[in-house]
Amino acid sequence: MMAGAFEIATRSAIREIIMNSVQTSKFGYVMTEEGLDDISEQIFALLLTSRNLKAAGDRLLTQGVPTAKPMPGPPKRPRL
């Protein structure tokens, strides 16, 4: 089964968060206590953002997209 766009983007974001908080070594990756705290905060923020986006999408689906009133154009000239 192919991954959807949401899954691909989420996996990529998590990987980026982790890679920005670890250092490479000859044994793999090393993470400091500060790096762990940073990863935890960033993943939590990602989850909050994801939840907020889902809620906004659900609202759009149930309430519909609000339509804007058309802007008035130039006044029409009377026909002669």
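## Helices, pocket and surface patch

Two helices, H1 (5-19) and H2 (33-63), each contribute at least two residues to the lining of the largest pocket. The model described here is predicted.

**The pocket.** The largest pocket holds about 160 Å³ of space. Its lining consists of Phe6, Thr10, Leu46, Leu47, Thr49, Ser50, Leu53 and Lys54. Helix H2 provides the largest share of this lining, with 6 residues. By character, the lining residues comprise 4 nonpolar, 3 polar and 1 charged. In general terms, empty space of this kind is revealed by rolling a probe the size of a water molecule over the atoms.

**Helix H2.** The length of H2 can be checked against expectation. At 1.5 Å a residue, its 31 residues should span 45 Å, and the C-alpha atoms at its ends are 45 Å apart, so the two values agree. After H2 comes Gly64, which has a positive phi, near 85°.

**The surface patch.** On the surface, Ile14, Ile18, Met19 and Tyr29 together make a nonpolar patch of about 330 Å². Helix H1 gives the most to this patch, with 3 residues. Ile14, one of the patch residues, lies in helix H1. As a general point, an α-helix has 3.6 residues a turn, so residues three or four places apart point the same way.

The two features are set side by side below.

| Feature | Extent | Helix giving the most residues |
|---|---|---|
| Largest pocket | about 160 Å³ | H2, 6 residues |
| Nonpolar surface patch | about 330 Å² | H1, 3 residues |

Conventions
Residues numbered from 1 in each chain as written. Predicted model: local features only at pLDDT ≥ 70, side-chain atom pairs only at ≥ 80, totals over all residues. Heavy atoms only, no water. 1 Å grid on protein atoms, 1.4 Å probe; cavity = no way out; pocket = protein on both sides within 12 Å on 5 of 7 lines; lining within 4 Å. Points joined across faces, edges and corners; volume = space filled by probe spheres on them. Helix = DSSP H or I, 4+ residues; strand = E, 2+ residues; numbered from the N terminus. Nonpolar A, V, L, I, M, F, W, Y, C, P; charged D, E, K, R; others polar. Expected span 1.5 Å × (residues − 1). Patch = residues over 30% accessible without salt bridge, like charges linked within 9 Å, V, L, I, M, F, W, Y side chains within 5 Å. Areas by Shrake-Rupley, 256 points an atom, 1.4 Å probe, with all protein chains shown as cover. Salt bridge = Lys/Arg side-chain N within 4 Å of Asp/Glu carboxyl O.
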